[in-house]
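The paragraphs below walk through one protein chain, beginning with how burial is judged and ending with single residues. Keep the sequence and the structure in view while reading.

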Amino acid sequence: MTSRTCISLVLAIALAGSTHAAEPPRISPATDAASAGLLEIRTLAPRIEMDIRYAGRNNFTGARVPGYEAPSCYLLDPVAKALAAVEGDLRAGGYALRLYDCYRPVRSVQAFMAWVNDPHEQSRKALQYPGLDKPRLLADGYIAERSGHSRGATVDLGLLDCRAGACVVMDMGTDFDFFGVRAHTDAAGLTAAQRGNRQRLLRAMARRGFANYPQEWWHYTLQPEPDAGTAYDFPVR
């Protein structure tokens with residue numbers, strides 16, 4: 001199977017599961033992960049590496065995002081189990097995952113919308129959206145009013161190379177949350193190594209049922225979603 005065919009198949013899976021996602025989800029009254037049925041990924045994969053960007057200042061807003069009180073990764077039970085399986089598969093071959101975001105509260109998505117509608121906050125433009133003005137981030141599908149992350153089935157992640165012992169970040173062609181065509185999974189102009197790294201991640205995730213969002217090489221959703229009609233809004237703690 002060619003790289004382009006593989007990406008096309010994964011996109012078809014994602015589009016097939018998008019009907020429910022297009023409808024406004026019910027906001028669960030759950031006030032914490034336990035009552036929502038979400039697991040912290042390190043209970044299943046204790047070695048998995050975390051770099052939860054929205055719990056600190058190193059993200060496109062330039063500040064800690066409301067709703068993130070700790071650098072934790074919560075996912076619905078079947079999603080967490082599938083992601084732990086991906087980590088196990090990769091570790092067996094000398095690679096590993098680095099997680100950037102998992103469950104995202106509804107309030108955090110609303111904070112993103114407030115940010116994108118603030119024309120004065122441009123502190124990270126040169127780093128993360130140099131070729132786009134803020135209105136294009138909405139129009140081009142990089143930021144949305146609703147997020148699969150709030151349903152506990154979507155993860156943002158990259159790859160680590162652990163074959164020499166200490167794990168090092170692999171070159172994916174852009175940083176996480178770079179908004180522009182170069183971040184598209186099948187973007188033109190990548191080096192052979194960068195394209196190969198994206199394909200390695202795509203194959204590893206697809207093997208366990210995750211579909212990629214083609215505009216962001218780091219963004220994956222388990223298909224079919226366990227509960228596409230429910231979103232959550234308790235803080236990440």
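A residue counts as buried here when its relative accessible area is under 20%, and as exposed when that area is over 50%. Tyrosine 220 has a relative accessible area of 0%, so it is buried. The model is a predicted one, and every value in this text is computed from it.

Consider the chain as a whole. It holds eight helices and ten strands. For 237 residues, a compact globule would have a radius of gyration near 18 Å, and the 17 Å of the chain agrees with this. The C-alpha trace spans about 40 × 40 × 35 Å along its principal axes. Of the 237 residues, 52% are buried. Among contacts with a separation of 6 or more, 75% are between residues 24 or more positions apart. The chain exposes about 10,500 Å², of which carbon and sulfur atoms supply 55%. There are 27 positive and 25 negative charges, and their mean positions lie 4 Å apart.

Now return to tyrosine 220. This residue is in strand β9. Which residues does tyrosine 220 contact, leaving aside its neighbours within four places in sequence? Ala153, Thr154, Val155 and Leu157 are among them, and so are Phe210, Ala211 and Asn212. The contacts of tyrosine 220 also include Arg198, Leu201, Leu202 and Met205. Leucine 202 is 18 residues away from tyrosine 220 in sequence, and their C-alpha atoms are 8.8 Å apart.

Arg198, Leu201, Leu202 and Met205 are also buried residues of helix α8. That helix covers residues 192-207, 16 residues in all, and reaches 22 Å from its first C-alpha to its last, close to the 22 Å expected at 1.5 Å a residue. Its buried residues further include Gln194, Asn197, Gln199 and Ala204. An α-helix has 3.6 residues a turn, so residues three or four places apart point the same way. After α8 comes glycine 209, with a positive phi near 100°.

Arginine 198, placed in helix α8, deserves a separate look. Is this arginine buried or exposed? Its relative accessible area is 1%, so arginine 198 is buried. Not counting residues up to four places away in sequence, arginine 198 touches Met172, Gly173, Thr174, Arg182, Ala183, His184, Thr185, Ala187 and Leu190, as well as Trp217 and Tyr220. Arginine 91 is 107 residues from arginine 198 in sequence, and the two C-alpha atoms are 17 Å apart.

Another helix, α4, runs over residues 77-92. Its 16 residues should span 22 Å at 1.5 Å a residue, and its end C-alpha atoms are 23 Å apart, which agrees. Buried in α4 are Val79, Ala80, Ala82, Leu83, Ala84, Val86, Glu87 and Leu90. Glycine 94, just after α4, has a positive phi of about 95°.

Helix α5 covers residues 106-116. Why is α5 described as largely enclosed by the rest of the structure? Eight of its eleven residues are buried, so the surrounding structure encloses most of it. The buried residues of α5 are Val106, Ser108, Val109, Ala111, Phe112, Met113, Trp115 and Val116. They pack against β1 (26-27), α7 and β10.

The loops hold some further details. Arginine 151 is in the loop between α7 (134-139) and β6 (154-161). With a relative accessibility of 6%, below the 20% cut-off, arginine 151 counts as buried. Its C-alpha atom is separated by 8.5 Å from that of leucine 75, which is 76 residues apart from it along the chain.

Aspartate 177 sits in the loop between β7 (168-169) and α8. Its phi is near 60°, which is a positive value in a residue other than glycine. At 5% relative accessibility, aspartate 177 also counts as buried.

Finally, proline 224 is found in the loop between β9 (219-222) and β10 (230-231). The peptide bond that leads from glutamine 223 to proline 224 is cis, with omega near -10°.

Technical notes. Residues are numbered from 1 along each chain as its sequence is written. This is a predicted model: local features need pLDDT of at least 70, side-chain atom pairs count only at pLDDT 80 or more; totals for chains, interfaces and linings use all residues. Side-chain values use heavy atoms; hydrogens and water are left out. Helices (H or I, at least four residues) and strands (E, at least two) are DSSP runs, numbered from the N terminus. The radius of gyration is taken over C-alpha atoms; the globule rule is 2.2 Å times the number of residues to the power 0.38. Buried means under 20% relative accessible area, exposed over 50%, partly exposed in between (1.4 Å probe, protein chains only). Contact means heavy atoms within 4.5 Å. Accessible areas come from the Shrake-Rupley method with a 1.4 Å probe; for residues, only the protein chains shown count as cover. Lys and Arg count as positive and Asp and Glu as negative; His and the chain ends are not counted. The place of a charge is taken as NZ of Lys, CZ of Arg, CG of Asp or CD of Glu. The expected span of a helix is 1.5 Å times one less than its number of residues.
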